[in-house]
Amino acid sequence: MELRGRIVIVTGASSGLGRAIALRLVHEGADVILAARRRERLEATAEEVRRGGGRAWVCEVDLGSPDGPAFLIEAAKEIAAGVGESHRRRLGLVNCAGITYYGPVTDMTGEELRAVIDLNVSATIDLTRRFVSWLGTGAAAPGTDGAVLTITSVASYLPVPYQAVYAASKHALRAFNASLAAELRAAKLVLTTFAPGGIATELVETSGLDRKFSGSAFLANPEWVARRAIRAWKSERRECVGGLANRVTTFAGRHLPWGIVGRLAERLYRP
Ligand SMILES: NC(=O)c1ccc[n+]([C@@H]2O[C@H](COP(=O)([O-])OP(=O)(O)OC[C@H]3O[C@@H](n4cnc5c(N)ncnc54)[C@H](OP(=O)(O)O)[C@@H]3O)[C@@H](O)[C@H]2O)c1
């Protein structure tokens, strides 16, 4: 899959893995639409891209709100309409925005539960289907080819005690993408899910996971993870787990009884 000359929407581009993916895409010759809530962060990254000779646009959007995905896709259509014909023919979407909740599931408020599901599941699925119908309805230039990269997690293969809702959200995304790939098998569309393990980002700090894992070998560098995610996408992999240790973990999750895996994970994640 060719990234050069592709306009790619990147959600969660204001920090962590999303920002690293956006910069990596620019390095590969793509143009990026940076989406998240914190405009100043997005503007700073866009400025960095432009200084390096790349093209970047900013879209401030709350994807946790019901209208967020539609707003972002409409903004992307306007941007694509304003650039050259060849660019409009190659479009991409990176679903990276995501949050977690770390702690006993019984301690979660209804609002905290909905925040995880609204962003991780509803917004990601809504964005993906809107992106796919943009490609298919003629709103994009004829011959447009599209590619979607969705960041899931090792948690999409395992039971994850104390992050139960997060794990459920990532399992849902894996199921959605596998189903969509089968539904659209005749279309010229690349659909990749990439599952990283722990990454040293704000998500780990804001959720309190850093109390458990800070400074440990569990946390990879976002740039390292971004390189692997883009490599999997370019190779048109349907599903990829990043890193050998994470592949071993997900292999265990697939082949050992979940009772055993859950007990081991409970010990690892116990707050
Ligand atoms: N860190 C890990 O250990 C780890 C492991 C496996 C998978 N992942 C996955 O990697 C992805 C990126 O996470 P990260 O680790 O890079 O965390 P991060 O640094 O906290 O980044 C999360 C991004 O999501 C955006 N976001 C949050 N709420 C939003 C909302 N309502 N609307 C729009 N954007 C929103 C944030 O931007 P604003 O706050 O500016 O809106 C930010 O750019 C997530 O899908 C996560 O599940 C992370």
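A residue counts as near the ligand if its C-beta atom, placed from the backbone, lies within 6 Å of the ligand. The tour applies that cut-off at one stop; the model shown is a predicted one.

**The central sheet**

Begin by selecting the strands. Seven of them form an open sheet in the order β3-β2-β1-β4-β5-β6-β7, and the pairing is parallel. Colour β3 (56-60) and β7 (239-241) separately: these are the edge strands, each of which pairs on one side only. Across the sheet, neighbouring strands are turned by 15° against each other on average, direction ignored.

Next, zoom in on β2 (residues 31-36) and β3. The two run parallel and are joined by five bridges. Select V32 to find one residue with a bridge partner in β3, namely A56.

**Helices on the sheet**

Keep the sheet displayed and add α1. This helix packs on the sheet and touches β1 (7-11), β2, β4 (90-95) and β5 (145-151). The direction of α1 makes about 165° with that of β1.

Now add α2 (residues 39-51). Helix α2 lies across β2 and β3, and runs at about 175° to β3.

**α1 against α9**

Hide the strands and show α1 with α9 (residues 222-234). The two axes come within 8 Å and cross at roughly 55°; α1 and α9 are therefore oblique to each other. In this crossing, α1 passes α9 in a right-handed sense. To display the contact, select G16, L17, A20, I21, R24 and L25 on α1, together with P222, E223, V225, A226, R227, A229 and I230 on α9. Coloured by class, this contact shows nine nonpolar, one polar and three charged residues.

**α5 and its two partners**

Select α5 (residues 110-136) and α6 (residues 164-183). These helices pack at an angle of about 15°, with their axes 9 Å apart. Angles under 35 degrees count as roughly parallel, and α5 and α6 are therefore roughly parallel to each other. The crossing of α5 over α6 is right-handed. On the α5 side, the contact is made by L113, V116, I117, N120, V121, T124, I125 and T128. On the α6 side, select V165, Y166, S169, K170, A172, L173, F176 and L180. The residues of this contact divide into eleven nonpolar, four polar and one charged.

Keep α5 on screen, and replace α6 with α3 (residues 68-81). The axes of α3 and α5 come within 9 Å and cross at roughly 35°, and α3 passes α5 in a right-handed crossing. Here G68, P69, A70, L72, I73 and K77 of α3 meet A123, D126, L127, R130, F131 and W134 of α5. By class, the contact of α3 with α5 comprises eight nonpolar, one polar and three charged residues.

**The ligand**

Finally, centre the view on the ligand and select the shell around it, which holds 29 residues. Label G12, G16, R37, G98 and L203, which come nearest. Two elements give two or more residues to this shell: α1 (16-27) and α7 (202-207). The shell residues divide into 14 nonpolar, ten polar and five charged.

End on α1 and G16. Residue G16 is among those that come nearest to the ligand, and G16 is also one of the α1 residues in the contact with α9. Helix α1 itself packs on the sheet and contributes to the ligand shell.

Definitions and conventions. Residues are numbered from 1 along each chain as its sequence is written. This is a predicted model: local features need pLDDT of at least 70, side-chain atom pairs count only at pLDDT 80 or more; totals for chains, interfaces and linings use all residues. Helices (H or I, at least four residues) and strands (E, at least two) are DSSP runs, numbered from the N terminus. Ala, Val, Leu, Ile, Met, Phe, Trp, Tyr, Cys and Pro count as nonpolar, Asp, Glu, Lys and Arg as charged, and the others, Gly among them, as polar. Axes are lines fitted to C-alpha atoms, for helices over the stretch in contact, and angles run from 0 to 180 degrees between N-to-C directions. Angles under 35 degrees count as roughly parallel, over 145 as roughly antiparallel, 65 to 115 as roughly perpendicular and the rest as oblique. A crossing is left-handed if the near helix is turned anticlockwise from the far one by less than a right angle, and right-handed if clockwise. Two residues are in contact if their C-beta atoms, placed from the backbone, lie within 7 Å. Two strands pair if DSSP finds at least two bridges between them.
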